[in-house]
Amino acid sequence: MLGLSSGVSRCTNKLSLIFTVDVLSGRVAASRYKKSYAIFKLLDDNKFKEIDNLYLEFETPEKASKIVKLKHFEKFADTTEALSAATAAVEGKLSKSLKKALKKLVDDDVQNQLLVADAKLGNAIKDKLSLQCVANTSVLELMRCIRTQSESLLSGLPKKEMTAMSLGLAHSLSRYKLKFSPDKIDTMIVQAQTLLDDLDKELNNYMMRVREWYGWHFPELGKILTDNIAYVKVIKLVGTRDNMADTDLSDILMEELEQKAKEAAEISMGTEISEEDITNIQSLCDEIISINEYRTHLSDYLKARMMAMAPNLTVLVGETVGARLIAHSGSLVNLAKHPASTLQILGSEKALFRALKTKKDTPKYGLIYHAAMVGSASIKNKGRISRSLAAKASLATRVDAFGDDVTMQLGIDHRAKLETRLRMLEQGNSTRLSGVKAKAKLQKFHAVSEVKTFKVATDSTLPSTSSKKVKAEEESASAPSPKKKKVQQEEAAVEEAPPATEEPELGEGSAKKKKKKKNKGDSEQPAEESVLEESMEAPASVKKSKKSKQKKATEDDE
């Protein structure tokens, strides 16, 4: 049994004011002893200091009467006065009857300090009567002990009368709490959202039945009309497909759809049905139309309730998603107590525990996935925007639940920030939402490959290597091969040479001329020829000069 008690005492001349609120197995019951205030005087101050073993002094009525004594007892006139006093004490307010009783005690007995078990009631007494009130665990323990022996301490009233009075006051207080419950609007939202979901299920079942039923008679109409309500209204107005050509459907359908429906009715492959069958189908259509109208009315009612109860949450996620979040958590206050991470995955508990059990990735969103902002994001950004939306929705819910004079300005500002965030994510520029400047974008690194060749001449161990040969090898590595140069030079010489006019019988004189021409051609080579090529051709020219000298010597001898 959990009790909230209020007690009043003074250190030298102790007085205790008794009031209890008992919570028994989830049911709230308030009991006012004898429908009155009972004020006790504490006789032994030393017993009050030893609270650990205080319950031993209240085991019997005789022991209890040695510690406390009834000082003042004030009855209520009727149940209404008792109810007002009980509700005021529960809410931490000072009622008129209690104020009058305490004024008398302040003048007579209490002058310095009051010990009050309920801190809220103590603050109210302090403000109204300018008395110093103290609330601690010692007063709570004293009140518990007094309640155990209340029947003996409050003499003069039978037990049956006390029980009847307590029960009547408990019922009155329960009705008052239910009537003026601060969560009653939450209940209306929860019930309306649950009913909307049930209506959607029923409408889907009825529409599926109508399409299947009327599809035997006119199957082509189901493919032409995808709107369920328009499909039902056409069946209600037309009846059988034979009446389609003579019926004006301009109020329900567009001109193109009306023309297609009439053309399809003429060549339909459906079976014939009787008038009784079409009557039953039209009765079902009437039910669908009436349910749809009631659903529209209920949706408007829910939207108005959500805008009045949680305007900021409604602006962020919409009235349907907001109502489902409230319904899933039980109330707006319970939803406000959830952190943003819980609100993000609210509704996906099965997937969460399955992922934790199998050690896989946890879900990124629950009911918040159906919000318009999450739906407009791309697949790769849905998780990011749902996390940001859950954070802002958590703040908006707390403002709606605990704020005073709540407006929707906070929700509008947060929605604008989230839309900006979404545009940045879609464009690939992920900056912080809080307005902090983003870091400078790093330039892309381009790797430049530096290929270094190995010089073979530097690795030579021969002592006769000269600097000229090293230079020749370096130039030969960059210059084309000598064979290609020789071929090119021969081709150029053939093209530049004049046509031969002399006969081949000239003999040795013509051969000498040819050799001179070749020597001239060799001397006219470009200056860009490498040193390595000259060094390679040098031995060959020496051999040729030796041969020519030998030939001249033989000719002179002859």
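User: What stands out about pLDDT over residues 1-34, and how many contacts does the model have there?

Analyst: This is a predicted model, and pLDDT is the predictor's confidence in each residue, from 0 to 100. Over residues 1-34 it stays under 50, yet the model has 123 contacts beyond four places in sequence for that stretch. Residues 498-518 also stay under 50, and for them the model has four such contacts.

User: Where in the protein is confidence lowest, and where is it highest?

Analyst: Strand β4 (residues 27-31) has the lowest, with a mean of 28, while helix α14 (residues 311-317) has the highest, at 94. For the whole protein the mean pLDDT is 75, and 68% of the residues reach 70 or more.

User: How do you know that the length of helix α13 fits its number of residues?

Analyst: Just set one value against the other. Helix α13 covers residues 275-309, which makes 35 residues, and at 1.5 Å a residue it should span 51 Å. Its end C-alpha atoms are 51 Å apart, so the two agree.

User: What makes the pairing of D200 and R295 a salt bridge?

Analyst: The cut-off is 4 Å between a side-chain nitrogen of Lys or Arg and a carboxyl oxygen of Asp or Glu. D200 and R295 come to 2.4 Å, N to O, so they pass. D200 sits in helix α9 (residues 184-215) and R295 in helix α13, so the pair ties together parts that are 95 residues apart in sequence.

User: Why is R295 called partly exposed?

Analyst: Partly exposed lies between the two cut-offs, buried being under 20% and exposed over 50%. R295 has 26% relative accessibility, so that's where it lands. Its partner D200, at 22%, is partly exposed too.

User: Which label does each partner get in the salt bridge of E272 with R241, buried or exposed?

Analyst: One of each! E272 has a relative accessible area of 55%, so it clears the 50% line and is exposed. R241 has 8%, which is under 20%, so it is buried.

User: And what makes E272 and R241 a salt bridge?

Analyst: Their closest N and O atoms are 3.0 Å apart, which is within 4 Å, so they qualify. E272 is in the loop between α12 (255-266) and α13, whereas R241 is in the loop between α11 (228-238) and α12.

User: Why does the pair E59 and K63 count as well?

Analyst: At 3.9 Å between the closest N and O atoms, the pair is still within 4 Å, so it counts. A search of the whole structure finds nine salt bridges.

Definitions and conventions. Residues are numbered from 1 along each chain as its sequence is written. This is a predicted model: local features need pLDDT of at least 70, side-chain atom pairs count only at pLDDT 80 or more; totals for chains, interfaces and linings use all residues. Side-chain values use heavy atoms; hydrogens and water are left out. Helices (H or I, at least four residues) and strands (E, at least two) are DSSP runs, numbered from the N terminus. The expected span of a helix is 1.5 Å times one less than its number of residues. Contact means heavy atoms within 4.5 Å. Buried means under 20% relative accessible area, exposed over 50%, partly exposed in between (1.4 Å probe, protein chains only).
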